[in-house]
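Open the model in your viewer and keep the sequence panel beside it. The tour below moves from one selection to the next and says what is found at each stop.

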Amino acid sequence: MSDKIFKALIVDEQDDSVISSVKEWSVDRLSEGDTLVEVDYSAINYKDALATIKNGGVIRSYPMIPGIDFSGTIIETTHDGLKVGDKVVVTGQGTGVSHTGGFSEIARVPGEWIQVVPQEMDLKVAAFVGTAGITAAQAIHRLESIGLNDKEASILITGATGGVGSMAINLLKAHGFTNITALSRKNSTDYLETLGVQYIISTDEMLENTRPLQKQEFDYVIDTIGGVTLEAILPKISYGGGIALCGNASGIKFNTTVLPFILRGITMFGIDSVQLTSDEKKELWQTINQSITKEMVDSTISNEVSLEGILSVTKQLLEGTHSGRTIVSIK
């Protein structure tokens, strides 16, 4: 099968720029692995958008096929525990970054990166969950480990119209949490209200006050954007509360003081779903599978595109005008 030809979105360097286009590719040009997957679906993440631009900080070796998530069916494998015909999903691990990824009709990966999809979950839903869902589920799990259990706790989600933010809102509601505030720089109140958030505030409103300690407004936070917004949030976290960091859409740097940590005892930690072990991912997938509903999927999927439609969506993501999850239908 090494000479099999298929279509993929290829990102390549040309002179001083990065060019992205759908091209024919062959299996022997894919990154190494013991398992071939015929891809049904992928999903477009902010990291995928960064992969399509010069100095995006994602891809270091060209040419590359982006797509950090994909779901599909195994068509060839030598990996113990996997077999031809298995319905599977792959998230993270370097896929679409240092290893050819899911924006492709065929993908090749090491079998240890693969999760067999829960029997009752279809492949479209598996791609819909993807890295965004795994990241959101892990953030919630970590917050629960430091005290998030009161269903009335005040929870702030930043970048709420994005993939991780949207999934976090959905999963929190599925777990019975109702006091959810969405922070968004977009005028996306209709979309956020569809997700069921209780309050919506703008980024400008969040940035109005810069004192090192402020009124305690939020018990727990899932922050997907970082930067100056993170600076503004830390002084507003309640005594004993916590914040999970899982994104940097507003930048990687922030300034703060020790006061929220030593006077209010808040906990801040990072979330990295890329390098989770297979067992850790399996546990998160089981949790997500118990929470997911058709209504959740319908309210969060903003649209579905082909390989040829990916670049229009990555442009929206980079411009900050995209909401929800876009699914890529490969077949």
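**Stop 1: the pockets**

Start with the largest pocket, which holds about 1100 Å³ of space. The model is a predicted one. To find the middle of this pocket, select Tyr46, Lys47, Thr224, Cys246 and Gly247, the closest to its centre of the 44 residues that line it. Then colour the elements that give two or more residues to the lining: helix 1 (46–50), helix 2, helix 3 (163–174), strand 9 (180–184) and helix 10 (310–319). Coloured by class, the lining shows 17 nonpolar, 22 polar and five charged residues.

Go next to the second largest pocket, with a volume of about 300 Å³. Its lining has 15 residues, and Ile114, Gln115, Val116, Val117 and Lys282 are the closest to the centre. Strand 7 (115–116) and helix 8 (278–291) are the elements that give two or more residues to this lining. Which of them gives the largest share of the lining? Select helix 8, which supplies five residues. By class, this second lining has six nonpolar, seven polar and two charged residues.

**Stop 2: the nonpolar cores**

In soluble globular proteins, nonpolar side chains tend to be buried together. Here the largest nonpolar core has 51 residues, and Phe128 and Ile157 are those with the most contacts inside it. Show helix 2 (residues 123–145) as well, since it gives the most to this core, with 13 residues.

Now centre on isoleucine 157 and display its surroundings. Beyond its neighbours within four places in sequence, isoleucine 157 is in contact with Gly165, Ala168, Ile169, Leu172, Ile180, Thr181, Ala182, Leu183 and Ile222. A second, separate core has 31 residues, among them Val37, Leu82, Ile106 and Val313.

**Stop 3: the hairpin of strands 1 and 2**

Select residues 5–14 and 17–26, which are strand 1 and strand 2. The two strands run antiparallel and are joined by 10 bridges. Which residue of strand 2 stands opposite phenylalanine 6? Pick tryptophan 25 to see the pair. Two residues lie between the strands of this hairpin, and aspartate 15 takes a positive phi near 55° there.

**Stop 4: strand 5 and its partners**

Move to strand 5 (residues 87–91) and switch on a surface. Is strand 5 largely enclosed or largely open? Four of its five residues are buried, so strand 5 is largely enclosed by the rest of the structure.

Add strand 4 (residues 69–77), which is antiparallel to strand 5 and joined to it by five bridges. One pair to label is aspartate 69 with its bridge partner in strand 5, threonine 91. Then add strand 7, which pairs with strand 5 over two bridges, again in the antiparallel sense. Here valine 89 stands opposite glutamine 115 of strand 7. Glutamine 115 was also selected at the first stop, as one of the residues closest to the centre of the second largest pocket.

**Stop 5: backbone exceptions**

Most residues other than glycine have a negative phi, and most peptide bonds are trans. The next selections depart from this.

- Proline 63 is in the loop between helix 1 and strand 4. The peptide bond that leads to it from tyrosine 62 is cis, with omega near -5°.
- Asparagine 55 is found in the loop between helix 1 and strand 4. Its phi is positive, about 60°, although it is not a glycine. Asparagine 55 counts as exposed because its relative accessibility is 73%, the cut-off being over 50%.
- Glutamine 93 sits in the loop between strand 5 and strand 6 (106–109). It is a residue other than glycine with a positive phi, near 70°. Glutamine 93 counts as buried because its relative accessibility is 15%, the cut-off being under 20%.

**Stop 6: tyrosine 191**

Finish at tyrosine 191, in helix 4 (residues 189–195). Is tyrosine 191 buried or exposed? Tyrosine 191 is buried, with a relative accessible area of 15%. Residues up to four places away in sequence aside, tyrosine 191 touches Thr161, Ser166, Ser299, Thr300, Ser323 and Gly324. For a last distance, pick the C-alpha atoms of tyrosine 191 and threonine 314: they are 19 Å apart in space, and the two residues are 123 residues apart in sequence.

Definitions and conventions. Residues numbered from 1 in each chain as written. Predicted model: local features only at pLDDT ≥ 70, side-chain atom pairs only at ≥ 80, totals over all residues. Heavy atoms only, no water. Core = buried A, V, L, I, M, F, W, Y, C linked by side-chain atoms within 4.5 Å. Buried < 20%, exposed > 50% of the residue type's maximum accessible area, 1.4 Å probe, protein only. Contact = heavy atoms within 4.5 Å. 1 Å grid on protein atoms, 1.4 Å probe; cavity = no way out; pocket = protein on both sides within 12 Å on 5 of 7 lines; lining within 4 Å. Points joined across faces, edges and corners; volume = space filled by probe spheres on them. Nonpolar A, V, L, I, M, F, W, Y, C, P; charged D, E, K, R; others polar. Pairing = 2+ DSSP bridges.
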